[in-house]
Amino acid sequence: MVDTLTRGNIYASTNINLKIGTVVAASTIDYTYQSGAINRMTLDITNSCNASAVVKATDIGMLPARISGFTGTVTLTDTETVKSYTMPIDFTQGTDCLYNTTGCIGSGTLGSAPASGTIDVTFPTTGNAPVKGEYALARFTSGGDKLSGWTVTLNGQSANSVVFSGMKVEVKKDATGLWLKVDKPGVAFIIR
């Protein structure tokens, strides 16, 4: 826990949950020195955050699973030649499980990101039915349209949606970023 971050950098790494009371001025929280896959870290700003603050990471896999209370800019400066990440999702626990497992559901503006890449969402299609809700892959308050050129596959398949156990899992891309919507499939009636 850091009460106040005034100026300078915090260099954070995998498996560290960071809680900051107030972020002042152009402070930077830098994840670019860590390595590894999608992680379980969180970054919580519990009081207030300056819009000049920056969160930096070299790839989506290095961002915390949750970024909350952050009003600054998130920058992704991916140096990988092939930008491909696997994200295992447990749909049976509901969207609350997202906060401590995978993806990036957060706040702040995505200021820069590679133009293309692939996220392969993996999940079992047997067993318990998925819980209705929205599951973030890389989602922000705004600027998520910078990920519009990214490909999202479902269990390795280039499908926009799949149906299993009576529920539909659908890939969504919008101004907030990349996410999955889980809902019951709709039924269409044509009346002539």
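Q: Which residues do ring pairs link into a cluster?
A: In this predicted model, a search of the whole structure finds four aromatic pairs. One of these pairs joins F91 and Y135, whose rings lie 4.8 Å centre to centre. Ring pairs link four residues into a cluster, namely F91, F123, Y135 and F164.

Q: How is the aromatic pair of F91 and Y135 arranged, stacked or edge-to-face?
A: A pair of aromatic rings is described by the distance of the centres and the angle of the planes. For F91 and Y135 the centres are 4.8 Å apart and the planes stand at 90 degrees. Planes over 60 degrees apart count as edge-to-face, and therefore, with its 90 degrees, the pair of F91 and Y135 is edge-to-face.

Q: How many residues apart in sequence are F91 and Y135, which form a pair that links distant parts of the chain?
A: F91 belongs to the loop between β9 and β10 (105–106), whereas Y135 belongs to strand β13. Both partners are buried, F91 at 3% relative accessibility and Y135 with a relative accessible area of 1%. The separation of F91 and Y135 along the chain is 44 residues.

Q: Which residue forms an aromatic pair with Y85?
A: The ring of Y85 takes part in a stacked pair, with 6.3 Å from centre to centre and 10 degrees between the planes. This pair links distant parts of the chain, since Y85 is in strand β9 (residues 84–88) and its partner, 65 residues apart, is in the loop between β13 (133–139) and β14. Y85 counts as buried at 11% relative accessibility, and the partner, buried at 1%, is W150.

Q: What is the distance in space, C-alpha to C-alpha, between P114 and D78?
A: P114 is placed in the loop between β11 (109–112) and β12 (118–122), and with a relative accessible area of 11% P114 is buried. Leaving aside residues up to four places away in sequence, P114 touches L76, D78, K83, K146 and W150. P114 and D78 are 36 residues apart in sequence, and their C-alpha to C-alpha distance is 6.3 Å.

Q: Which residue has a ring with the charged end of R139 over it?
A: The charged end of R139 sits over a ring, at 3.9 Å from the centre of that ring. The ring in question belongs to W179.

Q: With which side chain does the side chain of T153 make a polar contact?
A: T153 is part of strand β14, and at 8% relative accessibility T153 counts as buried. Not counting residues up to four places away in sequence, T153 touches T118, I119, D120, V121 and S158. The polar contact of the T153 side chain, at 2.7 Å, is with the side chain of D120.

Q: Which residue has its backbone nitrogen 2.8 Å from a polar atom of the side chain of S107?
A: S107 is found in the loop between β10 and β11, where S107 counts as buried at 13% relative accessibility. Apart from residues up to four places away in sequence, S107 touches I67, S68, G69, F70, V74, F140 and T141. The backbone nitrogen that lies 2.8 Å from a polar atom of the S107 side chain is that of F70.

Q: What is the phi of A25, a residue that is not a glycine?
A: Most residues other than glycine have a negative phi. A25 has a positive phi although it is not a glycine, and A25 is placed in the loop between β3 (18–23) and β4 (28–30). At 17% relative accessibility A25 counts as buried, and its phi is about 60 degrees.

Q: Is N155 buried or partly exposed?
A: N155, a residue other than glycine, has a positive phi near 50 degrees, and N155 lies in the loop between β14 (151–154) and β15 (161–164). Buried means under 20% relative accessible area and exposed over 50%, so N155, at 32% relative accessibility, counts as partly exposed.

Q: What share of contacts in the chain between residues at least 6 apart in sequence joins residues at least 24 apart?
A: The chain has zero helices and 17 strands, and buried residues make up 45% of its 192 residues. Its accessible surface comes to about 9,300 Å², of which 49% belongs to carbon and sulfur atoms. Among contacts between residues at least 6 apart in sequence, the share that joins residues at least 24 apart is 65%.

Terms used:
Residues numbered from 1 in each chain as written. Predicted model: local features only at pLDDT ≥ 70, side-chain atom pairs only at ≥ 80, totals over all residues. Heavy atoms only, no water. Helix = DSSP H or I, 4+ residues; strand = E, 2+ residues; numbered from the N terminus. Buried < 20%, exposed > 50% of the residue type's maximum accessible area, 1.4 Å probe, protein only. Contact = heavy atoms within 4.5 Å. Areas by Shrake-Rupley, 256 points an atom, 1.4 Å probe, with all protein chains shown as cover. Phe/Tyr/Trp six-rings, centres within 6.5 Å; stacked < 30°, edge-to-face > 60°. Lys NZ or Arg CZ within 6 Å of the ring centre and 35° of its normal. Polar contact = N/O pair within 3.5 Å; in protein donor to acceptor, adjacent residues only side chain to side chain.
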